[in-house]
Amino acid sequence: MRYHPRRIAPTKWLPVRDFTLACVLDAKPHDMLYTRILLTFASRYVVWAFHEAGADLRRDDLFYPSMIYRFARTYPSAKTQQLAEARLLNLAEALGYEPSPHRLRKQSREIRPFSPAELPAFESWAASRSTDRARRDSYGLLALAGGAGLGATEIAAVRGRDLTRTPAGWVVRVTGKAPRSIPIRIGWDSYADLAFEGLDDDDYAVIPHRKESSREIALMHYGARYEGPAIRRLRITWIVDQINVLPLASIVYAAGFKNVSSLLRYAPQAKVMPEAELHALLRSTGATQ
């Protein structure tokens with residue numbers, strides 16, 4: 001692929017060219033326009049990281065939130081800073097890099113769950129989509145991300161055979177790096193009824209018309225493209241709702257995390273229960289005589 005970024009000297013671009021192009025191509029952008037958008041930000045980012053920040057040309061040394069945040073702040077306008085940060089974090093996620101908890105700083109992306117007041121609008125958004133296929137996709141996204149806490153990579157892999165309707169409600173079998181079985185919670189399960197009824201075993205649950213190579217990227221940007229909720233924030237909302245309900249080990253399993261340190265980002269969202277309730281629980285736990 002032939003590409004040379006504007007306003008970057010060849011002496012700075014050539015040492016990082018092959019690395020940068022490989023990162024963007026491996027992210028599998030869904031069309032040429034988005035490819036060029038990623039290349040614009042990725043080329044400037046890698047040049048900055050290598051020549052100014054002193055980073056090695058290793059993906060795990062580049063694609064984490066605090067480094068991306070530092071680079072984004074080199075742009076003069078707040079709008080461009082936000083755009084650069086969003087595009088590069090999306091690129092990192094597409095390449096399969098989960099932010100390491102020990103590298104996260106206060107400057108990295110804020111954990112912002114949707115408020116209860118915002119949630120009813122999502123049903124209206126899904127219902128207002130112009131075609132039956134678009135409505136089913138939107139309801140499916142709400143059910144899997146908001147109702148079961150799945151991320152874009154996991155949603156992209158869900159097929160009809162992974163979804164089961166039980167007397168208690170829907171259950172989704174998650175495959176991939178963190179296999180698990182998760183129920184779609186009450187209040188979101190009606191979206192699953194609208195999205196998944198009649199789905200064949202081999203059918204993908206959401207945007208089945210997309211090629212497998214581009215489905216994940218398309219899902220990452222689905223909300224922004226169609227003026228709906230972002231999968232990332234739906235998943236965050238689901239995790240925050242579980243923090244004050246489930247034991248730590250159960251949250252780690254249900255969210256698909258590797259260990260409890262991944263929950264450190266969500267700690268500010270946790271609530272301390274009323275003192276009387278806390279005392280009652282503490283008295284009832286542990287060994288008995």
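Buried means under 20% relative accessible area, exposed over 50%, and partly exposed in between (1.4 Å probe, protein chains only). The model is predicted: local features need pLDDT of at least 70, side-chain atom pairs count only at pLDDT 80 or more, and totals for chains, interfaces and linings use all residues. Residues are numbered from 1 along each chain as its sequence is written, and side-chain values use heavy atoms, with hydrogens and water left out.

**Exercise 1. Place A156, and decide whether A156 is buried or exposed.**

Step 1. Find the element. A156 sits in helix α9, residues 152-157. Helices (H or I, at least four residues) and strands (E, at least two) are DSSP runs, numbered from the N terminus.

Step 2. Apply the cut-off. The relative accessible area of A156 is 10%, so A156 is buried.

Step 3. List the partners. Contact means heavy atoms within 4.5 Å. Neighbours within four places in sequence aside, A156 touches Y204, R215, E216 and L219.

Step 4. Compare sequence with space. A218 is 62 residues from A156 in sequence, yet their C-alpha atoms are 9.1 Å apart.

**Exercise 2. Work out how β1, β2 and β3 pair.**

Step 1. Know the rule. Two strands pair if DSSP finds at least two bridges between them.

Step 2. Take β1 (residues 163-166) with β2. They pair in the antiparallel sense over four bridges. L163 stands opposite V172 of β2. The hairpin that joins β1 to β2 has two residues.

Step 3. Take β2 (residues 169-174) with β3. This pairing is antiparallel too, over four bridges. V171 has P183 in β3 as its bridge partner.

Step 4. Look at the turn. Five residues lie between β2 and β3 in their hairpin, and G176 there takes a positive phi near 100°.

**Exercise 3. Sort the side chains of β3 by face.**

Step 1. Recall the pattern. In a regular strand the side chains alternate between the two faces of the sheet.

Step 2. Read residues 180-183. R180 and I182 point to one face and are buried. S181 and P183 point to the other face and are not buried.

**Exercise 4. Contrast I207 and E227, which have positive phi values.**

Step 1. Note the background. Most residues other than glycine have a negative phi.

Step 2. Take I207. Its phi is near 35°. I207 lies in the loop between α10 (189-196) and α11 (212-220). Its relative accessibility is 3%, so I207 counts as buried.

Step 3. Take E227. Its phi is near 60°. E227 lies in the loop between α12 (222-225) and α13 (231-243). Its relative accessibility is 72%, so E227 counts as exposed.

**Exercise 5. Describe the whole protein chain.**

Step 1. Count the elements. The chain has 15 helices and three strands.

Step 2. Test the compactness. The radius of gyration is 21 Å, close to the 19 Å that the globule rule gives for 289 residues, so the chain is as compact as a globular protein of that length. The radius is taken over C-alpha atoms, and the rule is 2.2 Å times the number of residues to the power 0.38.

Step 3. Give the box. Along the principal axes, the C-alpha atoms fill roughly 70 × 50 × 30 Å.

Step 4. Check burial and contacts. Of the 289 residues, 44% count as buried. Among contacts with a separation of 6 or more, 65% join residues 24 or more positions apart.
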